[in-house]
Amino acid sequence: MEKLVSLCRRRGFIFPSSEIYGGLSSCWDYGPLGVELKQNVKQAWWRAVVQERDDMVGLDASILMHPQTWEASGHLKGFADLLVECKSCHLRWRKDELPGDSCPSCGGELTEPRLFNLMFKTFMGPVEDEANVTYLRPETAQGIFVNFQNVLNTTRKRLPFGIAQIGKAFRNEITTGNFIFRTREFEQMEIEYFVKPGTDKEWFDYWLEERLNWYVKLGIKKDNLQLRQHTKEELAHYARECYDIDYLFPMGWAELEGIANRGDFDLVQHASFSGKSLDYFDEETKEHFVPYIIEPSAGVDRSVLAFLCDAYDEEPAEGEIRVLLHLHPTLAPIKVAVLPLSRREKLVTLAKQIYADLRRHWMVQYDDAQSIGRRYRRQDEIGTPFCVTVDFQSLEDGQVTIRERDSMNQIRLPIAELKNTLDAKLKGESLFVLPPGGKIWKEGESV
Ligand code: GAP
């Protein structure tokens with residue numbers, strides 16, 4: 001983890017928040033490369049669960065919601081951890097995470113446990129009194145439940161169908177840590193999938209498989225993923241059944257995504273508190289009923305961390321250690337780097353033309369500083385799948401070299417074929433299609 005945190009900081013993926021003031025505990029800022037990676041994770045998720053399906057639609061609900069939402073959802077009462085405080089050093093600990101009966105920091109005596117609500121409280125408007133209390137949402141899900149009828153009426157979707165949402169959530173966690181694994185402000189990617197009661201088990205199993213496969217398709221090694229069923233004691237107040245998709249993080253197996261069968265808990269609660277019907281009318285059977293909900297709920301930041309951990313690699317190359325991120329091309333922050341062999345004007349003009357052209361399609365970097373070998377290593381370290389090298393020969397034959405990150409294989413091809421070839425490779429086609437006149441060779445070999 002230390003190596004990854006250092007790479008993320010050094011290369012501009014993730015910085016400690018408010019660093020010039022000494023940082024803010026458990027808060028992190030995504031830098032120029034981190035924001036691209038995070039955006040790519042969200043886009044890949046949206047594409048898989050909304051764009052490519054006809055039974056899903058999207059939503060973007062507000063973070064601040066009517067305070068009654070949190071009464072109805074059970075969060076005001078039930079969203080709490082048992083907390084103990086050290087009588088000597090006053091550090092607070094989660095009771096369920098304590099290894100013994102005394103303070104892990106100073107060995108002092110601990111207070112009796114008390115419930116600590118994890119929601120962040122704030123006030124709406126200028127008056128700070130109880131009537132104006134509201135909360136930062138601790139999950140995005142509630143924005144979906146309260147919009148169930150709105151979506152149903154405006155899209156005319158029939159069961160089974162789902163609503164997807166990506167957005168920030170806030171929890172005043174007692175213990176945070178492990179970089180971006182557990183923070184107080186984080187982003188979730190949540191699906192609430194509405195089904196007819198009785199079909200919930202089948203849809204639950206369907207989503208378990210679907211979500212597990214999503215991580216594998218984007219490059220996470222199968223051996224680093226596992227499903228873990230929640231015990232009765234662990235189940236959230238709303239859940240009938242829940243599995244975690246765990247990932248083998250550097251600190252051990254830990255939850256990446258939770259998939260819960262929430263039954264009709266949420267719609268029944270909101271109907272009762274709001275006085276508005278949240279029934280569904282089945283036109284075929286002429287029945288009214290409250291749908292059951294299957295909820296695959298993933299963390300954006302945890303996914304980013306898992307993709308980074310899984311991609312990180314060190315290998316010997318040409319007498320030194322090559323650090324690289326084997327990020328899936330879909331997730332890589334920079335897709336292509338354009339590298340002129342020298343800063344000679346003619347070469348730079350051609351390289352900049354190629355750079356400008358490719359930038360219309362992808363995030364591309366231009367780098368002309370230091371040796372070509374060093375530039376390749378710099379791109380390897382941030383996971384750039386392809387480098388395009390422009391050399392003196394390019395001025396004569398109109399061809400350039402593409403070098404692939406993982407294999408370090410290189411091919412030479414006409415500039416006119418560059419965009420289509422990169423396009424095919426970035427979409428995951430396993431072999432370069434060599435155009436007429438193209439050649440293939442290994443890094444370090446002469447052409
Ligand atoms: N709506 C259901 C729900 O919120 P959860 O298991 O509490 O379920 C879902 O959260 C996901 O959100 C987790 O699997 C995790 O990826 C992410 N998550 C939860 N708390 C987090 C935190 N404090 N920091 C970062 N990610 C968190």
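Helices (H or I, at least four residues) and strands (E, at least two) are DSSP runs, numbered from the N terminus. Keep that handy, along with one more bit of wording: a residue is near a molecule if one of its heavy atoms lies within 4 Å of it.

**Before you click**

You're looking at a predicted model, where local features need pLDDT of at least 70, side-chain atom pairs count only at pLDDT 80 or more, and totals for chains, interfaces and linings use all residues. Residues are numbered from 1 along each chain as its sequence is written, and side-chain values use heavy atoms, with hydrogens and water left out.

**Stop 1: the whole chain**

Show the protein chain as a cartoon. You should find 13 helices and 24 strands. Along the principal axes, the C-alpha atoms fill a box of roughly 75 × 65 × 45 Å. The chain has 447 residues, and 51% of them are buried; here buried means under 20% relative accessible area, exposed means over 50%, and partly exposed is in between (1.4 Å probe, protein chains only).

**Stop 2: the ligand**

Now select the ligand and the 21 residues around it. Which of them come nearest? Glu-139, Glu-173, Thr-183, Glu-190 and Glu-255 do. By type, the shell divides into 6 nonpolar, 5 polar and 10 charged residues. For that split, Asp, Glu, Lys and Arg count as charged, Ala, Val, Leu, Ile, Met, Phe, Trp, Tyr, Cys and Pro as nonpolar, and the others, Gly among them, as polar.

Colour strands S10 (185–195), S13 (252–263) and S16 (292–299): each supplies at least two residues of the shell. S13 gives the most, with 5 residues.

Next, look for polar contacts (pairs of N or O atoms within 3.5 Å; within protein, one must be able to donate a hydrogen and the other to accept it, and residues adjacent in sequence count only if both atoms are side-chain atoms). Pick the side chain of Arg-171: one of its N or O atoms is 2.8 Å from an oxygen atom of the ligand. At Thr-183, a backbone N or O atom lies 2.8 Å from a ligand nitrogen. Leu-256 has a polar backbone atom 2.9 Å from a ligand oxygen. Taken alone, the ligand exposes 550 Å², and the protein buries 91% of that (areas by the Shrake-Rupley method with a 1.4 Å probe; for residues, only the protein chains shown count as cover).

**Stop 3: around helix H6 and strand S9**

Head to the loop between helix H6 (148–155) and strand S9 (161–170), where Pro-160 lies. A cis peptide bond joins Leu-159 and Pro-160, with omega about -5°. Arg-156 is in that loop too. Is Arg-156 buried or exposed? It's exposed, because its relative accessible area is 69%. Arg-156 also has a positive phi of about 55°, although it is not a glycine.

Phe-179, in the loop between S9 and S10, has a positive phi of about 60° and is not a glycine either. Phe-179 counts as buried because its relative accessibility is 6%.

**Stop 4: a few more picks**

Select Trp-214 in helix H7 (residues 200–217). Trp-214 counts as buried because its relative accessibility is 7%. Then add Trp-45: the two are 169 residues apart in sequence, but 8.1 Å apart in space, C-alpha to C-alpha.

Arg-94 sits in strand S5 (residues 92–94), and its side chain makes a polar contact of 3.0 Å with that of Asp-96.

Finish at helix H11 (residues 372–381), whose buried residues include Arg-375, Tyr-376 and Asp-380. Just after H11, Gly-383 takes a positive phi of about 85°.
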